[in-house]
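Reader: I have just opened my first protein model and would like some help reading it. Could we look at it together?

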Amino acid sequence: LTIESTYQCNLTMSFSRPTVIFGGSGFLGHALMARLAQQGRIIRVPTRNMDKARSLKISGYGGQIVPFLNAPCSDASVAHAVANADTVINLIGVLNESRGNFYQNIHVEIPARIARIAKQQGVKNFIHVSFLGANNRAKSKLARSKAAGEKAVLAFFPEATIFRPSIIFGPQDRLFNRLAARARFLPAFPVIGGGQTRFQPVYVGDVAQAIIMALQKPNKAQGKVFELGGPDILSVREILQTLFRETKHPRPLVNIPLELAKALAPILGLLPNPLLTADLLNLLAEDNIVCDTTALTFRDLGLTPTPVKQILPTYLYGPPDLEEQGTVD
Ligand SMILES: NC(=O)c1ccc[n+]([C@@H]2O[C@H](COP(=O)([O-])OP(=O)(O)OC[C@H]3O[C@@H](n4cnc5c(N)ncnc54)[C@H](OP(=O)(O)O)[C@@H]3O)[C@@H](O)[C@H]2O)c1
């Protein structure tokens with residue numbers, strides 16, 4: 001029995017072999033799911049948390065999207081998940097390390113295992129989502145682990161397509177929603193080291209569409225690296241000012257010297273879902289903008305990324321307390 005045979009309905013699908021999305025229960029996975037479903041794919045979503053993944057099912061017809069309990073922690077579990085698959089997409093990633101969840105495992109060993117087994121099983125397309133700052137010389141451990149993950153994936157699956165998005169925004173994001181939730185109760189907003197580091201926020205729908213285009217045009221995408229940045233290059237300070245403008249809820253910005261932030265980070269890093277850790281300080285020390293001249297971009301997929309100001313008003317006035325409702329982690 002295949003995983004989805006228990007669920008399958010009598011739909012005529014254009015794809016006879018399933019698409020498997022590891023990490024599909026998350027923010028980007030939710031944005032991607034409906035687009036993949038519209039292509040007529042049968043989609044498997046291995047997840048450690050069925051509650052998080054169940055809502056994905058409404059993006060497709062009955063039986064088209066199949067979340068199932070599976071952790072990619074052994075060759076056998078990955079082989080079970082990718083059996084007979086045509087396409088594998090890896091969206092597994094974390095912003096912060098936590099007890100038992102280390103970058104080396106999540107960003108390097110798990111992607112390597114998935115790529116190796118996908119190749120052995122004859123998977124045709126492999127998409128791996130990395131991070132714009134991925135670089136083996138980066139200050140941040142997260143960015144270095146993402147670089148090592150790319151290398152590991154390509155070692156086993158040289159035709160894989162790698163996407164490196166900058167920080168992703170959109171409904172349910174962790175960027176603007178989380179900052180807005182904090183700004184609501186803070187009398188002033190802290191910015192570290194002047195807040196001059198630049199990001200290129202990219203709309204989640206554009207990242208999802210880039211993945212769709214890469215699958216539609218494999219000859220343009222296989223074995224290639226795409227750096228995905230939005231049209232706006234914004235410093236941390238400008239991101240906050242954009243947020244305050246949109247929420248009509250301005251807060252004075254208070255500069256926190258880098259040395260003080262470094263002293264606070266180890267303590268704040270112990271909180272659940274910490275806003276500041278020692279490694280996030282390292283991330284904030286380097287611009288996160290499209291700069292690899294050998295990498296391709298949205299343009300090479302025929303896409304034009306969406307400006308922040310076009311999307312932000314559609315969700316920033318969402319449910320008042322997103323954090324309490326558990327939609328932001
Ligand atoms: N969000 C951003 O701003 C951003 C920016 C650049 C790059 N990225 C990258 O884009 C990808 C998707 O990001 P996202 O924002 O959608 O992340 P997300 O919402 O946090 O979802 C990530 C998924 O990773 C899975 N996961 C986490 N730890 C795991 C572990 N130990 N074992 C197995 N699965 C694990 C989770 O799946 P289950 O809990 O269902 O098992 C979760 O659904 C990630 O690789 C991320 O690094 C994100």
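Reader: In which handedness does H3 pass H4?
Author: Keep in mind as we go that this is a predicted model. Look at how one helix runs across the other: H3 and H4 meet in a crossing that is right-handed.

Reader: Is H3 oblique or roughly perpendicular to H4?
Author: Start with the axes of H3 (residues 75-82) and H4 (residues 103-120), which come within 9 Å and cross at roughly 55°. Angles of 65 to 115 degrees would count as roughly perpendicular. The crossing angle therefore makes H3, relative to H4, oblique.

Reader: How many charged residues are in the contact of H3 with H4?
Author: From H3 come Asp75, Val78, Ala79 and Val82, and they meet Arg113, Ile114, Arg116, Ile117 and Ala118 of H4. Sorted by class, the contact has six nonpolar residues and no polar ones, and the charged residues number three.

Reader: How many nonpolar residues does the contact of H6 with H9 have?
Author: The axes of H6 (residues 176-185) and H9 (residues 236-247) cross at roughly 70°. H6 brings Phe176, Leu179, Ala180 and Ala183 to the contact, while H9 brings Ile239, Leu240, Leu243 and Phe244. No polar and no charged residues take part, and the nonpolar count is eight.

Reader: Which residue has a side-chain N or O atom 2.8 Å from an oxygen atom of the ligand?
Author: Leu28 has an atom 2.8 Å from a ligand oxygen, but that N or O atom belongs to the backbone. Ile92 also uses a polar backbone atom, 3.1 Å from an oxygen atom of the ligand. The side chain you want belongs to Arg48.

Definitions and conventions. Residues are numbered from 1 along each chain as its sequence is written. This is a predicted model: local features need pLDDT of at least 70, side-chain atom pairs count only at pLDDT 80 or more; totals for chains, interfaces and linings use all residues. Side-chain values use heavy atoms; hydrogens and water are left out. Axes are lines fitted to C-alpha atoms, for helices over the stretch in contact, and angles run from 0 to 180 degrees between N-to-C directions. Helices (H or I, at least four residues) and strands (E, at least two) are DSSP runs, numbered from the N terminus. Angles under 35 degrees count as roughly parallel, over 145 as roughly antiparallel, 65 to 115 as roughly perpendicular and the rest as oblique. A crossing is left-handed if the near helix is turned anticlockwise from the far one by less than a right angle, and right-handed if clockwise. Contact means heavy atoms within 4.5 Å. Ala, Val, Leu, Ile, Met, Phe, Trp, Tyr, Cys and Pro count as nonpolar, Asp, Glu, Lys and Arg as charged, and the others, Gly among them, as polar. A polar contact is a pair of N or O atoms within 3.5 Å; within protein, one must be able to donate a hydrogen and the other to accept it, and residues adjacent in sequence count only if both atoms are side-chain atoms.
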